[in-house]
Amino acid sequence: MPDWEPEWNDKAGVWQVDFTVEGHRIRRRIGVRTKSDKAIARKKARKIYKDEWERHLNPVIPKPGTPFFKAARGYIEDGGEARFLPPIMRHLGMDQMIEDIDEALIADTAITLYPDCAPDTHRRQVRVPMNAVVRWARGERRRPSTDKARIRWLTPEEAEHLLAAAAKLCLPRHTSPEPFTLAKIAFLLGSGCRTGECFAAEVKDWNPATRQLWIPATVTGAGKTKSAARWVRLPTRTITMMGETPEVGRMFRTPYGKPIAMRSNGGGQMQTAFNKARDAAGLGPDVTPHVLRHTWATWYYAQTMDFGGLMDLGGWSKADMANRYRKLAPDDLAQRLFDHGWDFRQKSVNYPVTEIISVRKQLDI
């Protein structure tokens, strides 16, 4: 019997060869999966045997590229999942290049290694690990994020200090407080909007009957609204502190009462006034306008426990991003918010929207 004589693998249901060439073992399934096709299997086995001896006697310059075997070892050493790779590495051998791997090869590898398994097994145990190695070799593997998630949010008590300070802000050479910074801070706390979305808000998009504002997806400089067009719903406390809105145009203004100039990659147009209010409230530099979005997410979820509503109103398409914004909070946060007049439930039981209490009386200043 020749060394290359194929043998039938009952467990795998396939013909295979197992021989040596100058001490180098060649063990391979040859892709013939019908036991009665031994003649075909012998032809393929003989060719494999001849090719291996030809390769040994007449070595050629290695093909350019990265061997899958080498890339897989590097991927594993770099912390990649190694569980399903050894069978793939043995099957592909030393000479399979990353650059030559395509869908047909992946599919053939899956069928050869796991002939009687479901497609999901092929995906999990062959397609996913092979693609992971290919991406690693190409430098496309996702690296652990170095992004430090924000953990700062405002307690209801801190927010009250900030609102009270904003209500007292005066412009240079003015004796009366300007109301526009307070309106923006109250809106950001009550809506969870980004600052750019606040600046772009239009009076025509406001529905006082339902306490809803449409956040469009077409305004340059309004942050990420292009992928997050949505309705936001304002609590009565926010509407009260916002006071009267302009009859037309933008809802929010500069401290001098002028429309806010929109700019690409903006959001800092209220930074100066916000910082003055923050410092007067005794809060640190870690409190920025964007912290108010984190605060809203934490407050809203604490009161409603509505994660779907959090995603919809916050404009997040992915749950993991919404989770980044809502923070761990004490069990009494919902009640403390109620005590300070914040109610984020859809059907508010607070005083009517039309009852506008002056800012100074509301904040007791």
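**Cores, strands and empty space in a predicted model**

Me: What makes the largest nonpolar core a core, and which residues have the most contacts inside it?

Reply: In this predicted model, the largest nonpolar core has 54 residues, and Ile185, Phe187 and Trp299 are those with the most contacts inside it. The term applies because a nonpolar core is a set of buried residues of certain nonpolar types, joined through side-chain atoms within 4.5 Å. Helix α7 (residues 180–191) gives the most to this core, namely 7 residues. In general, nonpolar side chains of soluble globular proteins tend to be buried together.

Me: Which residues is Ile185 in contact with, leaving aside neighbours within four places in sequence?

Reply: Ile185 is in contact with Leu162, Leu163, Ala166, Met270, Phe274 and Leu292. Each of these pairs counts as a contact because heavy atoms lie within 4.5 Å.

Me: Which residues does the second, separate core include?

Reply: The second core has 20 residues, including Ala71, Ile88, Leu105 and Tyr114.

Me: Why does Thr295 count as buried?

Reply: The relative accessibility of Thr295 is 0%, and buried means under 20%; therefore Thr295 counts as buried. Thr295 is found in helix α11 (residues 291–304). Not counting residues up to four places away in sequence, Thr295 touches Trp153, Leu154 and Leu189.

Me: Why is β2 described as largely enclosed by the rest of the structure?

Reply: Of the 8 residues of β2, 6 are buried, so the strand is largely enclosed by the rest of the structure.

Me: How do you know that β2 pairs with β1 and with β3?

Reply: Two strands pair if there are at least two bridges between them. Strand β1 (residues 7–9) and β2 have 3 bridges, and β2 and β3 have 6, so both cases satisfy the criterion. The pairing is antiparallel for β1 with β2 and also for β2 with β3. Trp8 stands opposite Trp15 in β2, and Phe19 stands opposite Ile26 in β3. The hairpin of β1 and β2 has 4 residues between the strands, and Gly13 in the turn has a positive phi of about 70°. In the hairpin of β2 and β3, with 2 residues between the strands, Glu22 takes a positive phi near 50°.

Me: What makes β4 and β6 edge strands?

Reply: β4 (206–207) and β6 (230–233) each pair on one side only. The open sheet has 3 strands in the order β4-β5-β6, with antiparallel pairing. β4 and β5 (residues 212–215) share 2 bridges, which means that the requirement of at least two is met. Trp206 has Leu213 in β5 as its bridge partner.

Me: Why is one space called a pocket and another a cavity?

Reply: A pocket is an open set of points, whereas a cavity is called so because the 1.4 Å probe fits there but cannot get out. The largest pocket has a volume of about 1200 Å³. Of its 29 lining residues, Arg27, Arg28, Arg90, His91 and Gly93 are the closest to its centre. β3 supplies the largest share of this lining, 6 residues. By class, the pocket lining has 10 nonpolar, 9 polar and 10 charged residues.

Me: How many cavities of 30 Å³ or more does the structure hold, and what lines the largest?

Reply: The structure holds 1 cavity of 30 Å³ or more, and the largest cavity has a volume of about 50 Å³. Its lining consists of Arg211, Arg233, Leu234, Pro235, Trp296, Tyr300, Asp343, Phe344 and Arg345. These divide into 5 nonpolar, no polar and 4 charged residues.

Key
Residues numbered from 1 in each chain as written. Predicted model: local features only at pLDDT ≥ 70, side-chain atom pairs only at ≥ 80, totals over all residues. Heavy atoms only, no water. 1 Å grid on protein atoms, 1.4 Å probe; cavity = no way out; pocket = protein on both sides within 12 Å on 5 of 7 lines; lining within 4 Å. Points joined across faces, edges and corners; volume = space filled by probe spheres on them. Nonpolar A, V, L, I, M, F, W, Y, C, P; charged D, E, K, R; others polar. Buried < 20%, exposed > 50% of the residue type's maximum accessible area, 1.4 Å probe, protein only.
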